[in-house]
Amino acid sequence: MKELRVGMIGYGFMGRAHSNAYKRLTDFFPVQHKPVLKAACARNAEKTRAFADNWGYERVETDWRRLVGAQDIDLIDICAPNDMHHDIAIAAAKAGKMILCEKPLARTVAEAEPMVTAVEQAGVANMVWFNYRRVPSITLARQLIDEGRIGRVFHFRSNFLQDWTISPDVPQGGAGLWRLDVQAAGSGVTGDLLAHNIDTAMWLNGPITRVVARTETFVKQRQHVLTGKVEPVGIDDACLFIAEFANGSLGLFESTRYARGHKALKTFEINGADGSIAFDLEEMEYLDFFEYKQSSGQTTESHIRGWRRIHVTNSEHPYMDRYWVPGLVIGYEHTFLNALADFVKGIESGKPAQPDFRTALQTQKVCEAVLESGRTGQWIETGATL
Ligand SMILES: NC(=O)c1ccc[n+]([C@@H]2O[C@H](COP(=O)([O-])OP(=O)(O)OC[C@H]3O[C@@H](n4cnc5c(N)ncnc54)[C@H](O)[C@@H]3O)[C@@H](O)[C@H]2O)c1
């Protein structure tokens with residue numbers, strides 16, 4: 001068993017989700033690398049120490065540059081806000097470290113492109129944590145599509161709805177609310193939420209070539225936590241866009257943080273000539289499948305035709321042979337464990353796991369085209385290729 005010495009940057013939501021994955025990897029997956037939690041890094045030494053003690057990191061750094069330059073680190077995990085990704089990733093690539101970076105890859109395409117160049121020139125293993133690909137039901141959706149079960153695709157529709165920023169009294173910026181500060185986040189729901197939907201959509205249905213969007217900022221000014229001043233809000237609070245895929249199908253996407261009653265309603269449906277597939281994150285252990293034409297080539301007899309609810313817990317289902325017995329479910333945290341397992345298997349097999357930085361750049365291109373279209377009202381070519 002080889003050591004995989006991890007340097008974690010950020011101790012927030014994702015710092016915790018990923019730490020859990022490192023700790024459990026070899027308990028569940030037969031890989032030859034055992035993660036060692038070497039160092040946790042964030043600016044506040046006391047809080048970072050508390051995080052490190054809780055999760056079992058050996059030491060603490062308060063300057064990410066020191067962590068990136070450290071000899072005893074093999075892999076840098078970027079769990080800091082989006083404005084940090086570019087500098088950390090480029091420095092880590094130059095230092096020859098493997099890099100796992102949270103999504104979105106960066107704030108803009110201009111930031112993301114040199115990150116791709118840096119990891120490719122350095123030849124370091126890299127992946128972006130688009131973890132929803134590793135929800136077993138979503139991986140099964142990909143399998144069903146690859147098996148040709150839905151035939152020619154006509155439609156992909158998807159949403160990601162939340163409701164936590166409706167009050168104009170919520171401030172922007174600082175440690176807790178950097179997502180509302182365009183400087184730190186790059187964009188609002190487009191980069192934060194729709195990036196996930198776009199990654200899943202393109203993984204399942206190929207490149208998105210053109211988009212037209214309507215974005216809105218409902219609360220135009222908010223107090224900034226760092227300056228104390230009321231400042232303009234630069235992020236998109238809501239985004240709706242229509243997309244064209246290279247395969248000729250049409251996409252419809254919606255995301256908002258103003259859908260009262262929804263915390264993380266994340267769904268997609270894909271309609272093909274021979275069948276349809278639907279997913280809902282609130283019932284993530286299920287995949288709904290409508291089979292019109294069977295793999296035998298026969299159409300399903302009309303009196304028994306209907307939506308089938310697949311409980312994705314059998315050992316034949318993606319990732320599920322690593323966990324419990326059929327019928328018993330896994331959760332959100334396992335999507336990170338599954339992603340990490342794929343990354344490590346990629347290192348060991350020489351067949352790198354996806355999405356790497358180059359693939360995540362394609363999602364970044366779509367996000368940027370969506371935002372540009374939101375500003376101009378025009379159809380925009382994305383330039384995304386896979
Ligand atoms: N894959 C997913 O589903 C998912 C979910 C949430 C967040 N994210 C992404 O993960 C990243 C982090 O988001 P989060 O929700 O964990 O944020 P968070 O606010 O909970 O944590 C951010 C962490 O970054 C640290 N940080 C900030 N500036 C730093 C600096 N200069 N040096 C070192 N550390 C610094 C903070 O101390 C904090 O620990 C973002 O890019 C976000 O888009 C992805």
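## Cis peptide bonds and their loops

In this predicted model, Pro-355 sits in the loop that runs between helix 9 (332-349) and helix 10 (357-376), and the peptide bond leading into this proline from Gln-354 is cis, with omega near 0°. A cis peptide bond also joins Lys-103 and Pro-104, where omega is about -15°; Pro-104 belongs to the loop between strand 5 (98-101) and helix 5 (109-122).

Most peptide bonds are trans, and most residues other than glycine have a negative phi. Against that background, the backbone at Tyr-319 also deserves attention, since phi of this non-glycine residue is positive, near 70°.

## The loop between strand 16 and helix 9

Tyr-319 is placed in the loop between strand 16 (307-311) and helix 9, and with 21 C-beta neighbours inside 10 Å it counts as buried, the cut-off being 20 or more. Met-320 is found in the loop between strand 16 and helix 9 as well, and Met-320 is buried because 23 other C-beta atoms lie within 10 Å.

The surroundings of Met-320 can be described further: once residues up to four places away in sequence are set aside, Met-320 touches Pro-136, Val-312, Thr-313, Asn-314 and Ser-315. Asn-338, which is 18 residues from Met-320 in sequence, lies 9.8 Å from it in space, C-alpha to C-alpha.

## Helix 2 and its two faces

Within helix 2, which covers residues 45-55, the buried positions are Thr-48, Phe-51 and Ala-52. Viewed down the helix axis, these buried residues fall within an arc of 100°, so they line one face of helix 2. An α-helix has 3.6 residues a turn, so residues three or four places apart point the same way. The face turned away from the buried side of helix 2 carries the exposed residues Glu-46, Asp-53 and Asn-54.

What do the buried residues of helix 2 pack against? Their partners are helix 1 (13-28), strand 2 (33-41) and strand 3 (59-61). After helix 2 comes Gly-56, whose phi is positive, near 95°.

## The shell around the ligand

The ligand is surrounded by 21 residues, of which the closest are Gly-10, Gly-12, Phe-13, Met-14 and Glu-102. Two elements, helix 1 and helix 4 (82-94), give two or more residues to this shell, and helix 1 gives the most, with three residues.

Sorted by class, the shell around the ligand comprises 12 nonpolar, five polar and four charged residues. Helix 1 thus appears in two settings, as a contributor to the ligand shell and as one of the elements against which the buried residues of helix 2 pack.

## The fold as a whole

The protein contains 10 helices and 17 strands. Its radius of gyration is 21 Å, close to the 21 Å that the globule rule gives for 386 residues, so the protein is as compact as a globular protein of that length. The C-alpha trace spans about 65 × 55 × 40 Å along its principal axes.

Of the 386 residues, 49% count as buried; Tyr-319 and Met-320 are examples in a loop, while Thr-48, Phe-51 and Ala-52 are examples in a helix. Among contacts in the protein with a separation of 6 or more, 69% are made by residues 24 or more positions apart.

Methods
Residues numbered from 1 in each chain as written. Predicted model: local features only at pLDDT ≥ 70, side-chain atom pairs only at ≥ 80, totals over all residues. Buried ≥ 20, exposed ≤ 12 C-beta atoms within 10 Å, placed from the backbone. Helix = DSSP H or I, 4+ residues; strand = E, 2+ residues; numbered from the N terminus. Arc of directions from axis to C-beta. Contact = placed C-beta atoms within 7 Å. Near = placed C-beta within 6 Å. Nonpolar A, V, L, I, M, F, W, Y, C, P; charged D, E, K, R; others polar. Rg over C-alpha atoms; globule rule 2.2 N^0.38 Å.
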